[in-house]
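Here is a short set of questions and answers on cysteines and nonpolar cores.

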Amino acid sequence: MKLHHIAIWTFRLEELKEFYVRFFGGKSNEKYINPKKGFESYFISFGEGTDLELMSRTDVQNTPIEENRVGLTHFAFTFPSREEVLRFTEQMRSEGYTIAGEPRTSGDGYFESVVLDPDGNRIECVYRKTAIEPETKVGEETEIEPKTEIESIPPVTLHTERLFLRPFEERDAEAFFACCQNPNLGNNAGWPPHRTLDESRQILHSTFINQEGIWAVMLKDTKQLIGSVGIIPDPKRENPQVRMLGYWLGETYWDKGYMTEAVQAVLNYGFEELRLSLITATCYPHNKRSQKVLKKNGFIYEGTLHQAELTYNGNIYDHQCYYLPGISQPTPEDYDEILDVWEMSVRHTHDFLTEEHIQFYKPLVRDHYLPAVELFVIRNVNGKIAAFMGLSDELIEMLFVYPDEQGKGYGKRLIEYAKDKKYMDKVDVNEQNEKALQFYLHLGFQVIGRDETDSMGKPFPILHLQLPETDSDNRD
């Protein structure tokens, strides 16, 4: 026989479902609803293990959960190593969940901790030591073997003008501790300052070493570890082509532009090598340095997630959310889709054009204008082209955003790319296209000339705009 499932009554059905899906890798079925009985439930499955049924009903009594009572008192999840138990426990602590039992080795050989879910149910996080593994205690210095399942991931090293980014190593422990013991660093990121070198070594092994997409930031001239940067799967988004940016930098190295430089290298790797469609980031509203790094790298402010996090020291903080869409170059097979974006955008914004005008320009755009420029596109989460830009040798020739995708920052992202990567500072715009003109003026362009007609001699005045020269060497 096999134990099929364990059931829990709850008043927080949705919150509990998200808790077990997010933190324990569970997969949920569709919600079952019985309106006559006021009953709702989810089944959460965990691979080959026992399922968990979460149930809610209007007449259930709110009885406090006691540890020492007759009946079900806790259930347990297995972890692959001691380090994973430690890492998970600290994650739960940093996100505001109660640690009811600190990590320890039990008398029967389990290394375990106890956390409480949002309803106060006790969850044991356990790892069973094998017969050939040496006995150790929490905080004891140990040599930890790399996880074999991660060894197949090829290490990636990135280089910038002043930095190189490499995977973390055991020898980084002391420099890692020197940075992370500073409360000014941890409190901006939501984790407690490291108290001892041994604690730093444990966290280094459990969270940084042999982790794909996480790099140590090193100074080229001194080979000194100064911080970390990484792109990991975004826990709030299900698209596998989206990753979330995270970083920290030792206080000694603030205001020198190092993190902006490191983030640029990681963004290039994410978009060009991993072919990501989106990179996201979050930070606290009070973390102005982090916001500055994101804005200098072109991230678009998405909104505020209010009361998003309860930190280890009891503070509740909002999250400011940012995103950066990927930019790629299309092939001629994409021209018909690009033409559709052009037509829909023109119909939405160029109300001074007649149907005859649109039909006149349409084949010219498809067969002559598109092949004559260097094209760049942004795709939405469904892989459809949401915006495109065409560049000539001298200026931004065209920029169009599909109407349903407008207001998401795609146009600004393409302009920033043209300016920073292609060194373009000029654009032409129809004088009668008031929305486009205001968009470019908002981005800092200035009118430097005017033609009475467009390039085809049609009576549509063209304004010539250019960005003023700016100091590009501002440091974060």
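## Cysteines and cores

Q: How many disulfides does a search of the whole structure find?
A: The model is predicted. A disulfide requires two cysteine sulfur atoms within 2.5 Å. The search of the whole structure gives a count of 0.

Q: Why is there no bond between Cys-179 and the closest cysteine sulfur?
A: Cys-179 counts as buried, because its relative accessibility is 9%. The closest cysteine sulfur belongs to Cys-180, and it is too far for a bond because the separation is 6.1 Å.

Q: Which cysteine has the sulfur closest to that of Cys-321, and at what distance?
A: Cys-321 is buried, with 15% relative accessibility. Its sulfur is too far from any other cysteine sulfur for a bond, the closest being that of Cys-283 at 8.7 Å.

Q: Which element gives the most residues to the largest nonpolar core?
A: This core has 32 residues, and those touching the most other members are Leu-165, Val-229, Leu-245 and Phe-299. Elements giving two or more residues include β13 (225–233), β14 (242–249) and α6 (258–272). With 9 residues, the most is given by α6.

Q: Which residues does Val-229 contact, leaving aside neighbours within four places in sequence?
A: Val-229 is itself one of the core members that touch the most others. Its contacts include Trp-215, Tyr-247, Met-259 and Val-266, and also Leu-165 and Leu-245.

Q: Is Ala-418 buried or exposed?
A: Ala-418 sits in helix α10 (residues 410–421). Leaving aside neighbours within four places in sequence, it contacts Met-389, Leu-391, Ile-396, Tyr-423 and Met-424. Its relative accessibility is 0%, so Ala-418 counts as buried.

How values were computed. Residues numbered from 1 in each chain as written. Predicted model: local features only at pLDDT ≥ 70, side-chain atom pairs only at ≥ 80, totals over all residues. Heavy atoms only, no water. Core = buried A, V, L, I, M, F, W, Y, C linked by side-chain atoms within 4.5 Å. Buried < 20%, exposed > 50% of the residue type's maximum accessible area, 1.4 Å probe, protein only. Helix = DSSP H or I, 4+ residues; strand = E, 2+ residues; numbered from the N terminus. Contact = heavy atoms within 4.5 Å.
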